[in-house]
Amino acid sequence: MIHLLEAIGATIIGGIFILTMITAIINIHAIGVNTSQQIELVEISEDVVSVVESYLSLVGAGVADSAIINTTDSSFVFSYADSVGGIRHTINLAAETNNGSKELVAYKGGSSTPSLGPFQLSDYGVEFIYYDVNENPNPADSLVRSVQMTMEFEYDTFRDDIDKRYIRHRIRIWKYFKNLYL
Amino acid sequence: MILFSTIYLTTYNSLYDQADMAYKGMNLLNGQKVTDKFFQKIEADLLGQIMPFDAIQSTYNNQVDSVTIGDFTYFADFSTTPCTMTGADTTTADPEFIRIDISIWAVHPNGDTLWIGTQEHPLSKVFVDLYI
């Protein structure tokens, strides 16, 4: 009888030990997946930011006036032309809310189809801060010469077998509108 | 037990390496953006003739600036050097080109410091006098 009890006790202790180890490994694996996804999000964010910067490089190109059309802390509307005095195009770069989540999109002209995006953002979304030539914030639209754009990308790393977590990456860029300095 | 311990330690090491890569990658990118901001500002000021080319050296040489993003503060140390069009040092009194070197480092409130461009290997850009 004593041997049977010893065997049962050893089995229980061993079982608990093995379960603890397996749980620890699964948790570490989950964190590892999230970290890996975080690296991927950073890489993707960089790609998106590169495209956003190329859009912002267009501000005021080929237009003599009214290059900056509308500035808010969550959207930026500007214009550019294909050539000096050529056909004028309008770009609306904004954070939109779609099904409760924020997305970064860019619309060209009056199109309702995004020319860029949508890219999933966190609740933080996008924040634009505009500066004049002397780095004073929030000037009148006609005096804007640069913008600071902060955006936070988000990715849902949900997997049934391991974890549910949102990972985020906040990145800040600055763009001086060279065309408006000329 | 040895088997599980080995798996545990190997996985932990791999995880630490990944976290370190993510941490450095994120802040390296932000540091480069900060440096780009400084370079853009100088370019715009030269292009708009807000700052004369000759004033680059007196304005930026040995200047220190900083930008805070989230928990990190990025410090930038500027130095300017008259140079040729390829960026090589020159001693010309009235240079047509000036190279600006920025060494930049990020400091976390917990004291961690990440160097993004060092004094030996700075982030550099050559500026030309556009209005000679």
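**Reading a two-chain predicted model**

Me: In what order do the elements of chain B run from the N terminus on?
Reply: From the N terminus, chain B reads α-α-β-β-β-β-β. That comes to two helices and five strands. Keep in mind that this is a predicted model.

Me: Is chain B spread out or a compact globule?
Reply: Set the radius of gyration against the globule rule. For the 132 residues of chain B the rule gives 14 Å, but the radius of gyration is 20 Å, well over that value, so chain B is more spread out than a compact globule. The box tells a similar story. Along the principal axes, the C-alpha atoms of chain B fill roughly 75 × 30 × 20 Å.

Me: What share of chain B counts as buried?
Reply: Of its 132 residues, 26% count as buried. Contact range is another thing to read. Take the contacts in chain B between residues at least 6 apart in sequence: 52% of them join residues at least 24 apart.

Me: How many residues of each chain are in contact across the A and B pair?
Reply: The size of an interface is often given as the accessible area lost when the parts come together. Here we count residues instead. On chain B, 26 residues are in contact with 24 residues of chain A. Helix α1 of chain B, residues 2-47, gives the most to the B side, with 22 residues. By class, that side has 14 nonpolar, eight polar and four charged residues.

Me: Now the sheet. What is the strand order in chain A, and how do the strands pair?
Reply: Strands of a sheet pair through backbone hydrogen bonds, either parallel or antiparallel. In chain A the pairing is antiparallel, in an open sheet of seven strands ordered β1-β2-β3-β4-β5-β6-β7. The edges are β1 (68-71) and β7 (166-176) of chain A, each pairing on one side only. From one strand to the next, the twist averages 25°.

Me: How many bridges join β1(A) to β2(A), and how many join β6(A) to β7(A)?
Reply: Three bridges join β1(A) to β2(A), residues 75-81. Those two strands form a hairpin with three residues between them. Within that pair, A:Asn70 stands opposite A:Val77. At the other edge, 11 bridges join β6(A), residues 146-156, to β7(A). There A:Ser146 stands opposite A:Tyr176.

Me: Which strands does helix α1 of chain A lie across?
Reply: Helix α1(A), residues 2-56, lies across β3 (88-98), β4 (101-108), β5 (116-131), β6 and β7 of chain A. The helix runs at about 25° to β7(A).

Me: Which residues of the largest nonpolar core touch the most other members?
Reply: The core has 35 residues, and those touching the most other members are A:Val59, A:Leu104, A:Leu121, A:Val126 and A:Met151. At least two core residues come from each of α1, β2, β3, β4, β5, β6 and β7 of chain A. Take A:Val126 as a case. Leaving aside neighbours within four places in sequence, A:Val126 is in contact with A:Ser74, A:Ala95, A:Leu104, A:Leu121, A:Met149 and A:Met151. A second, separate core has 20 residues, including B:Val34, B:Phe53, B:Tyr60 and B:Ala106.

Me: Last, B:Pro52. Is it buried or exposed?
Reply: Count the C-beta atoms around the residue. B:Pro52 has 12 others within 10 Å, so it is exposed, since 12 or fewer counts as exposed. B:Pro52 sits in the loop between α1 and α2 (55-60) of chain B. Sequence distance is a poor guide to its surroundings: B:Tyr131 is 79 residues apart from B:Pro52 in sequence, yet 9.0 Å apart in space, C-alpha to C-alpha.

Definitions and conventions: Residues numbered from 1 in each chain as written. Chains lettered and ligands numbered in written order. Predicted model: local features only at pLDDT ≥ 70, side-chain atom pairs only at ≥ 80, totals over all residues. Contact = placed C-beta atoms within 7 Å. Helix = DSSP H or I, 4+ residues; strand = E, 2+ residues; numbered from the N terminus. Nonpolar A, V, L, I, M, F, W, Y, C, P; charged D, E, K, R; others polar. Pairing = 2+ DSSP bridges. Axes fitted to C-alpha atoms, helices over the stretch in contact; angles between N-to-C directions. Core = buried A, V, L, I, M, F, W, Y, C linked by C-beta atoms within 7 Å. Rg over C-alpha atoms; globule rule 2.2 N^0.38 Å.
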